[in-house]
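Me: Please take one part of this model and look at it closely. I would like a single connected account, built up from one strand outward.

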Amino acid sequence: MRLTGAIALVTGGSSGIGAATARALAGAGARLLIAGRDPARLRAVASQTGGIALTCDLAASGGPADLAAAAQRAAATLPPAPGVGETTAGIDILVNNAGVGWAGPIGEIAAEKIAELVTVNLTAPMQLTRLLAPGMIARGRGRVVFVSSIAATGVRGEAVYSATKAGLGSFGAPVRPEKAAPPAPRTGCPGDRVLPGTRPRRVLRAALDAPARLAARRRAGNVPRARHPVRRPGLRGGSLA
Ligand SMILES: NC(=O)c1ccc[n+]([C@@H]2O[C@H](COP(=O)([O-])OP(=O)(O)OC[C@H]3O[C@@H](n4cnc5c(N)ncnc54)[C@H](OP(=O)(O)O)[C@@H]3O)[C@@H](O)[C@H]2O)c1
């Protein structure tokens with residue numbers, strides 16, 4: 001898909017992977033709508049990317065619908081992408097990135113925390129896709145990206161988080177063929193694609209290889225000190241054993 005001029009909505013764009021994704025998309029010529037809760041960090045990413053900051057709470061009742069409406073209003077203020085023959089601009093790329101993590105024994109997680117993880121990590125992406133994918137299909141181009149996790153396979157101490165990420169993958173798989181419209185004659189671009197999980201393969205490979213490399217260094221008596229604690233979203237500064 002041509003990124004120059006495309007309008008991308010990145011949830012959780014105020015931090016971490018979302019902010020990096022927003023910067024990468026802006027670098028490729030996309031126009032950014034950046035969503036999150038923290039207005040100051042949103043403004044910082046917006047000024048780095050030339051994007052529009054959209055404050056939202058995806059855990060709140062009606063939060064995804066409010067964000068979809070605000071994003072569509074913001075997109076309508078932008079000029080249509082050059083060369084596609086459209087009179088109105090719409091959201092071309094939805095990056096479902098916002099996420100909340102929690103780690104610990106299952107008996108210790110509060111009921112409200114389970115609800116927050118399920119709502120932000122799973123329900124909000126489904127609602128946003130329901131609201132924004134039809135516009136992409138109608139315009140004959142678009143992408144919906146789901147930021148999943150290797151934890152989707154099930155990680156001890158992260159049962160709820162793992163379940164939400166597995167659910168996200170299960171949602172993305174059938175949506176993909178459903179969205180696979182025939183090639184759009186105006187743009188010539190192929191049908192839509194949904195990519196469950198956006199961690200670069202290089203990063204994923206490094207993460208999967210890390211325990212083996214660490215074990216080899218330990219055997220050689222060269223034990224590195226952790227420079228960056230392993231963390232999950234919502235556990236800023238926290239470290240997981
Ligand atoms: N970090 C990892 O090791 C890792 C590994 C695999 C997958 N992932 C996935 O990658 C994604 C990003 O992770 P990250 O490490 O970049 O996390 P992060 O730095 O903690 O950022 C999380 C983002 O989600 C937003 N968010 C959280 N709750 C929200 C809510 N109720 N409403 C709106 N926005 C909300 C935050 O917004 P505010 O800060 O503005 O509140 C923030 O921008 C997540 O889906 C995560 O599950 C992360």
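Reply: Two strands count as paired when DSSP finds at least two bridges between them. Keep that in mind for what follows. The model is predicted.

Confidence comes before geometry. The average pLDDT of the chain is 81, and 71% of the residues reach at least 70. Two stretches fall below 50. One is residues 182–209, which nevertheless has 46 contacts in the model beyond near neighbours in sequence. The other is residues 226–230, with three such contacts.

Now the strand. S4 covers residues 93–96. Its side chains point two ways: Ile-93 and Val-95 to one side, Leu-94 and Asn-96 to the other. In a regular strand, side chains alternate between the two faces of the sheet. Here the residues on both sides are buried: Ile-93, Leu-94, Val-95 and Asn-96.

S4 has strand partners. S1, residues 7–11, runs parallel to S4 and is joined to it by three bridges. In that pairing, Ala-8 of S1 has Ile-93 as its bridge partner in S4. S5, residues 143–146, also pairs with S4 in the parallel sense, over four bridges. There, Asn-96 of S4 stands opposite Phe-146 of S5.

How does the chain get from S4 to S5? Helix H4, residues 111–139, makes the link, and S4, H4 and S5 form a right-handed β-α-β unit.

H4 also packs on another helix. H3, residues 63–76, meets H4 at an angle of about 40 degrees, with the axes 9 Å apart. This crossing of H3 and H4 is right-handed. On the H3 side, the contact is made by Gly-63, Pro-64, Ala-65, Leu-67 and Ala-68. On the H4 side, the residues are Ala-124, Gln-127, Leu-128, Leu-131 and Leu-132.

One H4 residue deserves its own look: Asn-121, which sits in that helix. Is Asn-121 buried or exposed? The cut-off for buried is 20 or more other C-beta atoms within 10 Å. Asn-121 has 27, so Asn-121 is buried.

What does Asn-121 touch? Leaving aside residues up to four places away in sequence, its contacts are Gly-99, Val-100, Thr-164, Lys-165 and Leu-168. Thr-164 lies 43 residues from Asn-121 along the chain, yet their C-alpha atoms are separated by 6.0 Å.

To recap: S4 pairs in parallel with S1 and with S5. H4 joins S4 and S5 in the right-handed unit, and H4 carries the buried Asn-121.

Key
Residues are numbered from 1 along each chain as its sequence is written. This is a predicted model: local features need pLDDT of at least 70, side-chain atom pairs count only at pLDDT 80 or more; totals for chains, interfaces and linings use all residues. pLDDT is the predictor's confidence in each residue, from 0 to 100. Two residues are in contact if their C-beta atoms, placed from the backbone, lie within 7 Å. A residue is buried if 20 or more other C-beta atoms lie within 10 Å of its own, exposed if 12 or fewer, and partly exposed in between; C-beta atoms are placed from the backbone. A crossover is right-handed if, with the strands pointing away from the viewer, the path from the first strand over the helix to the second runs clockwise. Axes are lines fitted to C-alpha atoms, for helices over the stretch in contact, and angles run from 0 to 180 degrees between N-to-C directions. A crossing is left-handed if the near helix is turned anticlockwise from the far one by less than a right angle, and right-handed if clockwise.
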